[in-house]
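Let's look at the inside of a protein together, asking at each step what earns a feature its name.

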Amino acid sequence: KPLKFLISATFYATTFSWLYTFVEKGKGLASKMGNVIALMLIVELVVIVGMASVGSTSHFNVSTPFNIAIWSLMATAISIVWLATFSLSTGLWNSQIMSADLRLAVRWSIGLGLAGMGIAFTMTPPQPQQVLPENWAGIAGAHTVGAADGGPGLPFLGWSTQAGDLRISHFLGLHALQVLPLIAVVSSILVTNYFVRRAIIMGAGVAYALLIAFTYVQALLGETIVQPSTLIFLGIILIVGMLSTGFSLFRSRKDETLKTRARVS
């Protein structure tokens, strides 16, 4: 867990360091919020590493007053990160420094990033079976749905291969901040048509949002990512089909418009 959190936090902080260069108004406030984010992520990392070094869990651990204080500190720190991210993002929303393509991607990524971070808060309520006297183990909250945390999982990622796992949609939401701006940058290099680039970015944003939604619902249903139900699978196929059809219709309409203009001229 410490290594995974370090990698994720590094990507997060690096991305916002880059995005900070596009802040047009309120640069002083944005700088302060960036420092707050970095400090709170360091607090999180120190706690996670510290608890792991003594062979104890950090998340959901309410077994002793000390562990409750540690867990409360982590919850407070990540809440501050969410608020600071929201505040910093206001300086990026209408930035005219970045290209229109990148601005659209950043708007999508900010919204999905905040939503993805918010998913973490849905993991914190105690599970019904956890609060039963005969099951009490000092743990309140879980990221696995339909099984206990700590079971078999995907290599390195650890996502449950037996039950639903809320960390998947949380992970996808967080890293929208890297994926969607990257798509915008690549499309700006490879695609010359402005309308096509916008369609690609919009399509990517919609598809990514639906992917987060589907993996979240899948987790709530207690389904493992490696064995999606027929309903979820058909839903994903439907999404891909709708996006492909929409993009094809957009291209056809654009081509017709260009032909009409050519005839008029």
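The questions below go through the core, the pockets and the cavity of this predicted model.

Q: What makes the set of residues around Tyr-12 and Leu-92 a nonpolar core?
A: A nonpolar core takes buried residues of nonpolar types that are joined through side-chain atoms within 4.5 Å. The largest such set here has 49 residues, and Tyr-12 and Leu-92 have the most contacts inside it. Both are of types that the definition admits, Tyr and Leu, so as members of this core they also count as buried.

Q: Which elements build this core?
A: Two or more residues each come from helix 1 (2-20), helix 2 (27-53), helix 3 (65-93), helix 4 (100-119), helix 5 (167-174), helix 6 (176-190) and helix 7 (194-220). Helix 4 gives the largest share, with 9 residues.

Q: Which residues does Leu-92 touch?
A: Leaving aside residues up to four places away in sequence, Leu-92 touches Phe-16, Leu-19, Phe-22, Val-23, Met-98, Val-106 and Ile-110. Touching here means heavy atoms within 4.5 Å.

Q: Why is the space by Phe-5, Ser-8, His-59, His-170 and Leu-174 called a pocket?
A: A pocket is an open set of grid points with protein on both sides within 12 Å along at least five of seven lines. The largest set of this kind holds about 870 Å³ of space. Its lining has 32 residues, and the five just named are the closest to its centre. Helix 1 supplies the largest share of this lining, 7 residues, while helix 1, helix 2, helix 3 and helix 5 each supply at least two.

Q: How do the linings of the two largest pockets divide by class?
A: In the largest pocket the lining has 22 nonpolar, 6 polar and 4 charged residues. For the second largest pocket the classes are 11 nonpolar, 18 polar and 4 charged. This second pocket holds about 550 Å³, and among its 33 lining residues Thr-57, Ile-139, His-143, Asp-149 and Gly-150 lie nearest the centre. Gly counts as polar, so Gly-150 belongs to the polar class.

Q: Why is the space lined by Ile-78, Trp-82, Met-117, Ala-120, Phe-121 and His-170 called a cavity?
A: In a cavity a 1.4 Å probe fits but cannot get out. The structure holds 1 cavity of 30 Å³ or more, with about 30 Å³ of space in it.

Q: What makes its lining 5 nonpolar and 1 polar?
A: Ile, Trp, Met, Ala and Phe count as nonpolar, and His falls among the polar types, so His-170 is the 1 polar residue there.

Definitions and conventions: Residues are numbered from 1 along each chain as its sequence is written. This is a predicted model: local features need pLDDT of at least 70, side-chain atom pairs count only at pLDDT 80 or more; totals for chains, interfaces and linings use all residues. Side-chain values use heavy atoms; hydrogens and water are left out. Buried means under 20% relative accessible area, exposed over 50%, partly exposed in between (1.4 Å probe, protein chains only). Helices (H or I, at least four residues) and strands (E, at least two) are DSSP runs, numbered from the N terminus. On a 1 Å grid over the protein atoms alone, a cavity is a set of points where a 1.4 Å probe fits but cannot get out, and a pocket is an open set with protein on both sides within 12 Å along at least five of seven lines; lining residues have an atom within 4 Å of a point. Grid points are joined across faces, edges and corners, and a volume is the space filled by probe spheres set on the points.
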